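Hi everyone, thanks for making time this morning. I'd like to walk you through one model, so please have a look at the screen and keep it in view while I talk.

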Amino acid sequence: MEETFKEITPQEAWEMMQNEDAVLVDIRDSIRFSHSHPQDAFHLTNHSYGKFLDEYDFDQPILVSCYHGISSRNTAQFLVEQGFDRVYSVKGGFEGWVRAELPVEMGY
């Protein structure tokens with residue numbers, strides 16, 4: 001079976017956000033997301049999915065981040081099946097993002 005999404009490093013994800021209008025979606029739970037998340041991340045949940053569809057295009061790069069880079073694969077596959085063309089799972093998830101010392105927004 002052919003892979004329909006790619007896995008990329010947090011550094012590659014950040015570069016795509018800067019250069020290719022990629023959107024990073026964070027699928028972690030609300031408490032963790034509100035505490036801290038990658039800069040400019042969209043909190044993708046069952047409740048926010050409609051808003052996500054309104055705001056982003058099917059040909060826009062979508063970067064999926066979770067806790068450790070495991071559950072993001074399922075969500076990435078789901079988004080591919082919904083018709084998104086360029087979907088990526090971020091290796092290492094939020095932990096990898098923090099380890100790579102990429103920008104983080106803190107909650108209040």
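Let me begin with the annotations: UniProt positions are given in the numbering used here, feature names are shortened, and annotations may be inferred rather than shown by experiment. With that in mind, the UniProt annotation "active site", from an unreviewed entry, covers C66. The unreviewed UniProt entry also lists residues 18-106 as "domain: Rhodanese".

Now the ground rules. This is a predicted model, where local features need pLDDT of at least 70 and side-chain atom pairs count only at pLDDT 80 or more, while totals for chains, interfaces and linings use all residues. Residues are numbered from 1 along each chain as its sequence is written, and side-chain values use heavy atoms, with hydrogens and water left out.

For helices and strands, I'm using DSSP runs numbered from the N terminus: H or I of at least four residues for a helix, E of at least two for a strand. On that basis, the span 18-106 is 37% helix and 22% strand, and its end C-alpha atoms lie 20 Å apart.

So, what order do the strands of the open sheet take? Five strands line up as 1-6-5-2-4, with parallel pairing. Two strands count as paired if DSSP finds at least two bridges between them. At the edges sit strand 1, residues 6-8, and strand 4, residues 42-43, each pairing on one side only.

Let's zoom in on strand 6. Strand 6, residues 87-90, runs parallel to strand 5, residues 62-65, and three bridges join them. Within that pairing, V64 has S89 as its bridge partner. Three bridges also join strand 6 to strand 1, again in parallel, and there K6 stands opposite Y88. As a general reminder, in a regular strand the side chains alternate between the two faces of the sheet. In strand 6, V87 and S89 point one way, Y88 and V90 the other, and all are buried. Buried here means under 20% relative accessible area, exposed means over 50%, and partly exposed is in between, with a 1.4 Å probe and protein chains only.

How does the chain get from strand 5 to strand 6? The path goes through helix 4, and this β-α-β crossover is right-handed. That label applies if, with the strands pointing away from the viewer, the path from the first strand over the helix to the second runs clockwise.

Helix 4, residues 71-81, packs on the sheet and touches strands 1, 5 and 6, with its direction at about 175 degrees to that of strand 6. For angles, axes are lines fitted to C-alpha atoms, for helices over the stretch in contact, and the values run from 0 to 180 degrees between N-to-C directions. The buried residues of helix 4 include S72, T75 and L79, and the buried set packs against helix 3 (49-55), strand 5 and strand 6. Contact, by the way, means heavy atoms within 4.5 Å. After helix 4 comes G83, with a positive phi near 115 degrees.

Helix 1, residues 10-19, lies across strands 1, 2, 5 and 6, running at about 100 degrees to strand 1.

Back to the annotated residue. Is C66 buried or exposed? C66 is buried, at a relative accessible area of 1%, and is found in the loop between strand 5 and helix 4. Leaving aside neighbours within four places in sequence, C66 is in contact with I27, R28, S71, S72, G93 and F94. S65, in strand 5, is buried too, with a relative accessible area of 1%. Not counting residues up to four places away in sequence, the contacts of S65 include S72, G93 and F94.

One last stop, for the backbone fans. Most residues other than glycine have a negative phi, and most peptide bonds are trans. D40 has a positive phi, near 70 degrees; D40 is in the loop between strand 3 and strand 4 and is partly exposed, at 48%. E101 also has a positive phi, near 60 degrees. E101 lies in the loop between helix 5 (93-99) and strand 7 (104-106), and is exposed, with a relative accessible area of 72%.

That's my tour, and thanks for listening!
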